[in-house]
Each structure stands twice: as C-alpha cells, then as structure tokens.
Amino acid sequence: MLIQAGDFISSNARYVAHAHAAAHKDIDGTLQLILANHAGRWTKAWLKDEVQRNRPDGTDQRSFPSGHTMKASVPAWYVTERYGWREGWPYHVGAAVAGAARVEQKRHYAEDVIGTHLLAWGVTRLVTGRDGAPPPVGVTVGRGVRLHFFGAF
C-alpha cells in the first residue's frame, strides 16, 4: 500500500500543485512551478550521473538523488514558498510518503530521500517568488533568453 501511494503521489503532485496555483489565479506562480519542475528534473539527472551512489538493492549506481522524491518534493516546496506553510504542509506529507516508499522498495537509502527533499527546496527556492516578489532567479524570453538574478537568498 505504501509503495502504490508513493508512486501515485510522485506521479501526480505537480498536477495538484498546478491546480493549487490555478485556484489562486496565479499565472506567474504557474510559470514558476513549470520552471521549478524542469530545474528539479535537470538537477536530478545531472547529479545521478555525477554522484553514482549504489542503490540498496544493488541494481545500479543511481541512488542519489531520488527521482520519485524530487517529483513530489518540488511541488511541496513550491506551494510552501509561494503560499506559505499553512497551504504547503500537506504536500510535504505526500513527499515523505513518496520518499518512504522508495526506501521501503530498497531503491534508495533514507539519506538519499532526505537529501533530495532538501535539494528540491534549493532548486525550487531559486525560481519561486512569494507575495508578488520576484524569485531570486528569473528567466525572460524576448530577443533571446535572459537569466536574471534578483535580491538576496
């Protein structure tokens, strides 16, 4: 039951977070969520190749970071950064379930899951603004693509 719940949450958390942003009529936030999800995916892929940590079940060397945990944690941190802990805490419970399921399956160590959840916070924080403030890092598309750094972390 835990494994099925974890798989379901990791596959669907981003859609629920998009609905959350839509309920707030938050177009800027929706774009930030899309960027956060992509940044999380790219960071995960890059680190899996760089770290090459053995999985507990011995199948390969791609234990850190956890992709399932990243997919559940980025929406959790997005909602928390954008709308506060009052609205974000249920997403963190979901991310914990997704991570626990991966540990239960022996696909990741607990420290992989915890580290991935914290990594997701960093990635999400870079591209998510709160209360109308711009995010620390922004991307604009016009005559080319521009990467902008705003404020302090």
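## The start of helix H2

At the start of H2, the backbone nitrogen of Gly 29 has a side-chain oxygen of Asp 26 within 2.7 Å. This description rests on a predicted model.

## Helix H2 along its length

H2 runs over residues 27-51. The helix has 25 residues, and the distance from its first C-alpha to its last is 36 Å, close to the 36 Å expected at 1.5 Å a residue. Just after H2 comes Gln 52, with a positive phi of about 50 degrees.

The buried residues of H2 include Leu 33, Leu 47, Ala 36 and Ala 39. Polar residues such as Gln 32, Asn 37 and Thr 43 are also among the buried ones, as is Lys 48. Gly 29, whose backbone nitrogen is approached by Asp 26, belongs to the buried set as well. The buried residues of H2 pack against three other helices: H1 (2-23), H3 and H5.

## Salt bridges in the loop after H2

Side chains of opposite charge can pair when their charged atoms come close. The structure holds seven salt bridges, and among them are three that involve residues of the loop between H2 and H3.

Within the pair Arg 55 and Asp 60, the side chains meet in a salt bridge at 2.6 Å, N to O. Arg 55 counts as buried because its relative accessibility is 9%, under the 20% limit. Asp 60 is partly exposed, with a relative accessible area of 27%.

## Links to distant parts of the chain

Arg 53 and Glu 111 form a salt bridge through their side chains, at 2.9 Å from N to O. Arg 53 lies in the loop between H2 and H3 (67-83), whereas Glu 111 is in H5 (residues 110-127), so the pair ties together parts that are 58 residues apart in sequence. Arg 53 has a relative accessible area of 28% and is partly exposed.

A salt bridge of 3.0 Å, N to O, joins the side chains of Arg 107 and Asp 57. This pair also links distant parts of the chain: Arg 107 is in the loop between H4 (85-104) and H5, Asp 57 is in the loop between H2 and H3, and the two are 50 residues apart. Both residues are partly exposed, Arg 107 at 21% relative accessibility and Asp 57 at 33%.

## A shared network

Arg 53, Glu 111 and Asp 112 are joined into one network by salt bridges that share partners. The network thus includes Arg 53 from the loop between H2 and H3 and Glu 111 from H5.

Notes
Residues numbered from 1 in each chain as written. Predicted model: local features only at pLDDT ≥ 70, side-chain atom pairs only at ≥ 80, totals over all residues. Heavy atoms only, no water. Salt bridge = Lys/Arg side-chain N within 4 Å of Asp/Glu carboxyl O. Helix = DSSP H or I, 4+ residues; strand = E, 2+ residues; numbered from the N terminus. Buried < 20%, exposed > 50% of the residue type's maximum accessible area, 1.4 Å probe, protein only. Expected span 1.5 Å × (residues − 1). Contact = heavy atoms within 4.5 Å. Polar contact = N/O pair within 3.5 Å; in protein donor to acceptor, adjacent residues only side chain to side chain.
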